[in-house]
Amino acid sequence: MTQYKAAVVQSASIPFDPLASAEKAARLIREAAEAGAWLAVFPEVFLGGYPKGASFGTPVGLRKPEGRDAFRRYYDGAVDLDGPELALLAEAAAETGLFVVIGALERDGGTLYCSALFIDGAKGLVGKHRKLMPTAAERLIWGFGDGSTLPVFETSLGRIGAVICWENYMPALRLAMYDKGISIYCAPTADDRDSWAATMRHIALEGRCYVLSACQHITRGAFPADYECALGDAPDTVLMRGGSLIVSPHGELLAGPDFSGEAILYADIDLGEVVRGKYDFDVVGHYARPDVFRLIVDEAPKAAVVRQD
């Protein structure tokens, strides 16, 4: 299928309730399918929630009891990959035939990961990417991924992979994706700044690939009343304002950025445009100098590190 419609879902998750978020995502998958889409990309940590404004009670050198309680609550809202949330999404993908990329708070033992999950309508959950480098205070609550979860999937819709939020500012990671031949570059994010669109357009031009970025549009009212939030407690306070978009391999905006509220953005994908774009620039091909530079990615999983406070 070299030509098809793709969807980017700009929607609010239901924080601390991953099953309700999965039910919402399943409805949105079916809505996208009814509109003719074959691919749907959801925001960062849609299952589990992005804890915007929370500090988890951690000044430098100190962990407050209320911060440990906040982490326990967040941990309880994470998903297991063999849990009911993923089963619901796999069912919706199978029913519609969509390929789905969705951000999730993945629980593995005592560690939480910010992950992008890949669900194939015909095969179910086919893989995941764990965020390699959580940004700033995210490192308090999320573990670090490694090179063993950098998949790019060969599908009838193109070669699909994902890079999460500020990982997109890591040049070597982008180059690893280009080297794997990515053509559908998914970017689940929590970055709603005006500057994000420029980053996505640069990546589309650099990699000569389609870029699909999804961010939540969510207000303080979506969170429980007792949720600690440095941005305020007025229910109508916007914590993330969206800005989702779809970009062509030539850097053209096909949809978005949208800051209007919850929405599904659509664009027509033509994989022939990926090849047309590489005519005059291929960062890992005929434009590069493979005799001078070659990227080698260590894809072996790293051993778990036990931290002691």
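In the predicted model, six strands make up an open sheet with mixed pairing, in the order β5-β4-β3-β2-β1-β14. Its edge strands are β5 (124-130) and β14 (263-270), each of which pairs on one side only. From one strand to the next, the twist averages 30°.

At the β5 edge, the neighbouring strand is β4, residues 111-120. The two strands pair in the antiparallel sense over 6 bridges. Within this pairing, Ala 116 has His 129 of β5 as its bridge partner.

Helices also meet the sheet. Helix α3, residues 84-96, packs on the sheet and touches β2, β3, β4 and β5. The direction of α3 makes about 20° with that of β4. Helix α1, residues 18-34, lies across β1 (3-10), β2 (37-41), β3 (99-108) and β14. Helix α1 runs at about 45° to β14. Both β2 and β3 are thus listed for α1 and for α3.

A further site of interest is Gly 242. This residue lies in the loop between β11 (238-241) and β12 (244-247). Gly 242 counts as buried because its relative accessibility is 0%, and buried means under 20%. Neighbours within four places in sequence aside, Gly 242 is in contact with Gln 10, Asp 191, Asp 192, Cys 215, Gln 216, His 217, Asp 258 and Phe 259. One of these contacts, Gln 10, belongs to β1 (3-10). Ala 214 is 28 residues from Gly 242 along the chain. The C-alpha atoms of Gly 242 and Ala 214 are separated by 7.6 Å.

Conventions. Residues are numbered from 1 along each chain as its sequence is written. This is a predicted model: local features need pLDDT of at least 70, side-chain atom pairs count only at pLDDT 80 or more; totals for chains, interfaces and linings use all residues. Side-chain values use heavy atoms; hydrogens and water are left out. Helices (H or I, at least four residues) and strands (E, at least two) are DSSP runs, numbered from the N terminus. Buried means under 20% relative accessible area, exposed over 50%, partly exposed in between (1.4 Å probe, protein chains only). Contact means heavy atoms within 4.5 Å. Two strands pair if DSSP finds at least two bridges between them. Axes are lines fitted to C-alpha atoms, for helices over the stretch in contact, and angles run from 0 to 180 degrees between N-to-C directions.
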